[in-house]
Amino acid sequence: MRTQVGIVGAGPAGLMLGRLLEQAGIESVVLENRSRDYVEQRIRAGVLEQGTADMLVSAGVGDRMRREGIVHHGIELQYDGERHRIPLSDLAGGRAIVIYGQTEVVKDLIAARLASGPPLLFDVDAVSVAGIESQRPSIRFTHGGGAQTLDCDFVAGCDGFHGVCRPAIPAGALRTFERGYPFGWLGILAAVAPSNDELIYAHNERGFALLSLRSPELSRLYIQCRPDEDIAEWPDARIWEELHARLGIDGWSLAEGPVLEKGITGMRSFVTEPMQYGRLFLAGDAAHIVPPTGAKGLNLAIADVKLLAAGLVDYYERGDRRGLEAYSAACLRRVWRAEHFSWWMTSMLHRDDTAGDFGLVLQLSQLRYLTTSTAAATTLAENYVGLETV
Ligand code: FAD
Ligand code: DHB
């Protein structure tokens, strides 16, 4: 098999890259080691920045998002038993966020690709990349029992944090930056109308909690827990009890409903530099991870492949390599902004027993500043909706 761009991974990064290349008439093959069903059901992010939503539309895969996505112009910060609205759009030049699940983005991209024809193979095994320092890199894999080799001009490593592409780069060629957190998030999807019109990020002495949503009938809720916590210790009743305790304020109550899904996610910050080696380009979680508090992971993945697709188009249409050469540095500017924002939001909102009373009072001071100073709130707003230039 031969193609122009071999894409490893059918998450948001790989699928969107394939879509952008298809629009520009560049061939690609997408290889995914999980099943279509698994990839479409895996519940993850839900907040699209304005720029991400705009890209879905310009890529011709935004129709359902425009119908079903819910535009939000603000979020609420809760601390000391009170809620304070941050008017995102007023502070960030009219820009907004769209609530639309990553599962739905992935379903729309898969449906578009399968309808128009370029190869997208699920359930591939034993994926490895070779020859990335040469002009003719290749991807080896097995599919339906048979071993295959896909020869490419370029390989896009869109295979997430645990993929095979980043480890294919010689360790000495990469610099990595990492920070762990003593926190995890326990997330649930519940069949109940959201109890608030906007997201609530709640600072609480029992730990952080977040109220989000997926649709008028589906709530998405998170509570801070230990990263190594066993989900078996969290029957639904205990989760609701904790959500009531952390999100509740006078005159408001949280509506409960059947829990459709629940899981625990650890948190880390991670960046690898550069995001390219020879003819292998990394994008999305394969190159960087943020803790989820800033809602940036999915948005960064989409921002990466926008730049990668533009660089590949310049190369194929005009033989111009400058976009590809500048790819890593251009991505990393946005990545580090998001790393800082996500670390900052995480540090401000989570209960951290290692930080002591000093840490707690600093958090509350910062929250008060954010909710009383337009300058401080603007910093949060423009980062949250996504900066146009970084
Ligand atoms: P991924 O979505 O990870 O896609 C990579 C794809 O590559 C996967 O489909 C994987 O199966 C495939 N793959 C892996 N290895 C191979 C291989 N060897 N061969 C072929 N294919 C391979 N962000 C938020 O903003 N909010 C959240 O609430 C949130 N929750 C999250 C929960 C979890 C459990 C995780 C892991 C992430 C979460 N994120 C969240 C982050 C966000 O979902 C990611 O940043 C986003 O999925 C990145 O997209 P991606 O395409 O780069 O990677
Ligand atoms: C959601 C996830 C986030 O990480 C976040 O900051 C806000 C909302 C969500 O899944 O809805």
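Which residues of strand 2 (residues 28-31) point one way, which point the other way, and are they buried or exposed?

## Strand 2 and its two faces

In this predicted model, Ser 28 and Val 30 share one direction from strand 2, while Val 29 and Leu 31 point the other way. All of these residues are buried. The pattern will look familiar: in a regular strand, side chains alternate between the two faces of the sheet.

## Partners of strand 2

Let's turn to the neighbours. Strand 1 (residues 5-8) pairs with strand 2 in the parallel sense, and four bridges link them. Within this pairing, Ile 7 stands opposite Val 30 of strand 2. Helix 1 (residues 12-23) joins the picture here, as strand 1, helix 1 and strand 2 form a β-α-β unit that is right-handed.

Strand 2 also runs parallel to strand 8 (residues 120-121), to which two bridges join it. Here Leu 31 is the residue of strand 2 to follow, since it stands opposite Leu 121 in strand 8.

## Around ligand 1

Helix 1 comes up again at ligand 1. A total of 29 residues surround this ligand, and the closest are Ala 13, Glu 32, Arg 42, Gln 102 and Asp 285. By class, the shell has 13 nonpolar, nine polar and seven charged residues.

Backbone atoms approach oxygen atoms of ligand 1 at several places. A backbone N or O atom of Pro 12 lies 3.2 Å from one such oxygen atom. For a polar backbone atom of Gly 297 the distance to an oxygen atom of the ligand is 3.3 Å, and for one of Leu 298 it is 3.5 Å. On its own, ligand 1 has 990 Å² of accessible area, of which the protein covers 85%. Helix 1 and helix 8 (297-318) are the elements that give two or more residues to the shell, and helix 8 gives the most, with three.

## Around ligand 2

Ligand 2 is surrounded by 14 residues, the closest being Tyr 201, Ser 212, Arg 214, Tyr 222 and Pro 292. Eight residues of this shell are nonpolar, three polar and three charged. Strand 15 (209-215) and strand 16 (218-225) each supply at least two of the surrounding residues, and strand 15 gives the most, with three.

Side chains make polar contacts here. A polar side-chain atom of Ser 212 is 2.6 Å from an oxygen atom of ligand 2, and a side-chain N or O atom of Tyr 201 lies 2.7 Å from an oxygen atom of the ligand. The backbone takes part too, with a polar atom of Ala 295 at 3.5 Å from an oxygen atom of ligand 2. Taken alone, ligand 2 exposes 290 Å², and the protein buries 96% of that.

Note on methods
Residues are numbered from 1 along each chain as its sequence is written. Chains are lettered from A and ligands numbered from 1 in the order in which they are written. This is a predicted model: local features need pLDDT of at least 70, side-chain atom pairs count only at pLDDT 80 or more; totals for chains, interfaces and linings use all residues. Side-chain values use heavy atoms; hydrogens and water are left out. Buried means under 20% relative accessible area, exposed over 50%, partly exposed in between (1.4 Å probe, protein chains only). Two strands pair if DSSP finds at least two bridges between them. A crossover is right-handed if, with the strands pointing away from the viewer, the path from the first strand over the helix to the second runs clockwise. A residue is near a molecule or strand if one of its heavy atoms lies within 4 Å of it. A polar contact is a pair of N or O atoms within 3.5 Å; within protein, one must be able to donate a hydrogen and the other to accept it, and residues adjacent in sequence count only if both atoms are side-chain atoms. Accessible areas come from the Shrake-Rupley method with a 1.4 Å probe; for residues, only the protein chains shown count as cover. Ala, Val, Leu, Ile, Met, Phe, Trp, Tyr, Cys and Pro count as nonpolar, Asp, Glu, Lys and Arg as charged, and the others, Gly among them, as polar.
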